[in-house]
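I open this notebook to record what I looked up in the structure shown below. The entries follow the order in which I consulted it.

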Amino acid sequence: MAALTMYPENERLAGGNRAAFNLYVISAVALFVLMMLLGLIMRMGQATWLAVQPDLFYRILSMHGAGMVGTAGLATTAVMWFFLRAHVRLHLWAFVTNYVMFLLGAACLIYAIFVDGYGALWTFLYPLPVHGMGLWSPDAAAVFMLGYLLIGVGMLVFYLDAAAAIIKVYGNLGRALGLQWLFRGTIDPDHPKTVVASTMVIISNVLGILAGAVVLVMSLVNAFYPEMALDALLAKTLIYWFGHMYINATIYMGVIAVYALLPRYSGRPYPISRAFLWSWAVSTVFVTLVFPHHLLMDYALPRWFAVMGQLVSYGAGFPVFLVTMYGALTNIYRANLRWTMPSRLMVLSLFGWAAGIVPAILDGTIRVNLVMHNTQWVPGHFHFYLLLGVLPMALALMFHVIGQRAGALPNSAADRLGLPVYLIGGLIFTLAFLDAGHLSVARRMATHLPEWTGTDKVGSIGAMLVVLGMLYFAVRITVGLLRAPARGEPDEGPANTAG
Amino acid sequence: MILQNLVWTIALAGMSLVALGFIHVIRQAGKPADDVATRKAAHTSNVLRRWLFGAMLVIFVGATWATLHRFPIASQHAALDIQQVVDVTGQQWSWQITPNTVRAGSPVEFRVTSKDVNHGFAIYAPDGRIAAQTQAMPGFTNKLVHTFTQPGTYRVMCLEYCGLGHAPMVSEFTVVAARGG
């Protein structure tokens, strides 16, 4: 079966494709390290181990948030592109345009934050961007929002190219999602999971980005014409609709690596099923409707809105646990899995996603949100599934690719040490956040009460380990990608080419 | 039991269960099975998946009923007929709380708004835990109803980032003992 070939010909990276992929990946891992260092500085500042002035802290927080979300988007877009181009014809110019727009947008963000002093965070919650109280000007906020617009337009170009390519092959997005097989019919066993997941991401994140574009343009108009005031609740609703879908899209783009690669490492087919199609169809709806769980403390919103946020948050656990996690675990159970870096990272990513959802769902409960909202419980759960879920998904593909270049699947002693350092650091770091949330420690504060610094110190130690692990991964991947391609397949035994 | 402690316990239990499932599979992942064992494992896996689905469904329905059968947020559009009313206004970076003394044992209606940007009105109990919260948003008034059971000094902190003075945006109010208490 072709799907079990470790390095299929239609995924080969050559010429412009290789250069573009390298640019994405090397930029992403370098940015991850830099953004993690910013995160470490903030945690050490809260722990009183480092003197960080509040104005600098909030600028760092703005950069860390926007930078991490954007970089996660960049890295997982590379994952989606890498696998999707094997099934439909994507245009390299669209992929490169997204990268260039990302760089231009990132330059705007950096300028707005570190030159113009913008410190209204990645959420640009209206009307804070135009209420800098002398620390930053509306112009700085405008440059920041312009940066977002550029990044969003780049993503739209990539998604629209991907949507056109998918429609060309499958007729429409519904058929690409496999909706025709939800209730009856024989499912085409060759229908790629990559196409299903990519279609879901395109539908949901295009909606999210458009919502973001609307509120960004509204906010820009307000920045230049303050007399044109916005409805703060409407602006917040649009911001969270955009923000939630954008960051969730990174999970759904990242997991494509698991669907595509896991069977190659387990040597066991990972066929498409009706349950799989249902889970992605349902997830398309859920991810679009779940964002009210960010607005549970906005009592002015209709009651049904909050109830929908809670119920959809609960419902979102079903596809993750019953299909993605359970299906993957079934695939590797007694399968003679080859434990190399890609397979280790894939298993870690599924654990990070599934375990991270538990505190997330709890916080989506209105009654719980009354005491947990905007505490460190929130960064606790999202760092859990981003740090231990999404990032390992992207890293799995990166290690997979450098394995081909090296002529051997990555499994060095340094790899075997680097991953536990990252994992243990990640667990300490995220559990310290969650513990702090349970103790009512507020999030997004430059200075903490003396009784709060205990978890800050533990979290800082975890963050140091995470940075160390990520720094190793970044160097290893960069060196691996720049290496000349090896000839032929890595020699790793029959499991690599089973079927 | 304090709600935060209950949530923390449930989260740790849930995450541990996920971890145990992964550890079990990881321990078996490197041990190949023959065809018969593979078929048997596939059958067991399907049965377990049905049980997992059933368990999740029960949790879904049970948790929904337990947390929503009495909606935890007061009606925002009807008069509440509550005797103790406190007006709360946030602005960069202070709180106006009028009056700043309330009585335990009977509900208090906090009418919360903001003069400038979004703030988070969070009430910290004397034990340092959040008792309740709502958003303070310009152009809107959120009605937070809470019945205090313990007298003491309660701290108000801002839980929605609002600029440089966000962390020091702190105030206090007093809860006195219930009449006859």
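Entry 1. I began with the crossing of H10(A) and H1(B), and I recorded it as right-handed; a crossing is right-handed if the near helix is turned clockwise from the far one by less than a right angle, and left-handed if anticlockwise. Helices (H or I, at least four residues) and strands (E, at least two) are DSSP runs, numbered from the N terminus. This is a predicted model, in which local features need pLDDT of at least 70, side-chain atom pairs count only at pLDDT 80 or more, and totals for chains, interfaces and linings use all residues. Residues are numbered from 1 along each chain as its sequence is written, chains are lettered from A and ligands numbered from 1 in the order in which they are written, and side-chain values use heavy atoms, with hydrogens and water left out.

Entry 2. I then looked up the geometry of this pair. The axes of H10 (residues 341-363) of chain A and H1 (residues 3-29) of chain B come within 9 Å and cross at roughly 160°. H10(A) is therefore roughly antiparallel to H1(B). Axes are lines fitted to C-alpha atoms, for helices over the stretch in contact, and angles run from 0 to 180 degrees between N-to-C directions. Angles under 35 degrees count as roughly parallel, over 145 as roughly antiparallel, 65 to 115 as roughly perpendicular and the rest as oblique.

Entry 3. I listed the residues in contact (heavy atoms within 4.5 Å). On H10(A) they include Val347(A), Phe351(A) and Leu362(A), and on H1(B) they include Ile10(B), Gly14(B) and Phe22(B). By class, I found 16 nonpolar, 1 polar and no charged residues in this contact. Ala, Val, Leu, Ile, Met, Phe, Trp, Tyr, Cys and Pro count as nonpolar, Asp, Glu, Lys and Arg as charged, and the others, Gly among them, as polar.

Entry 4. Within chain A, I checked H10(A) against H13 (residues 413-438): they pack at about 5°, with axes 12 Å apart. The two helices are therefore roughly parallel. Arg344(A) and Leu348(A) are among the H10(A) residues that meet H13(A), where Asp415(A) and Leu423(A) are among the partners. This contact has 9 nonpolar, no polar and 3 charged residues.

Entry 5. In chain B, I traced an open sheet of 4 strands, ordered S2-S1-S4-S7, with mixed pairing; two strands pair if DSSP finds at least two bridges between them. Its edge strands are S2 (94-98) and S7 (142-147). S1 (residues 84-91) of chain B runs antiparallel to S2(B), joined by 5 bridges. Gln91(B) has Ser94(B) as its bridge partner in S2(B).
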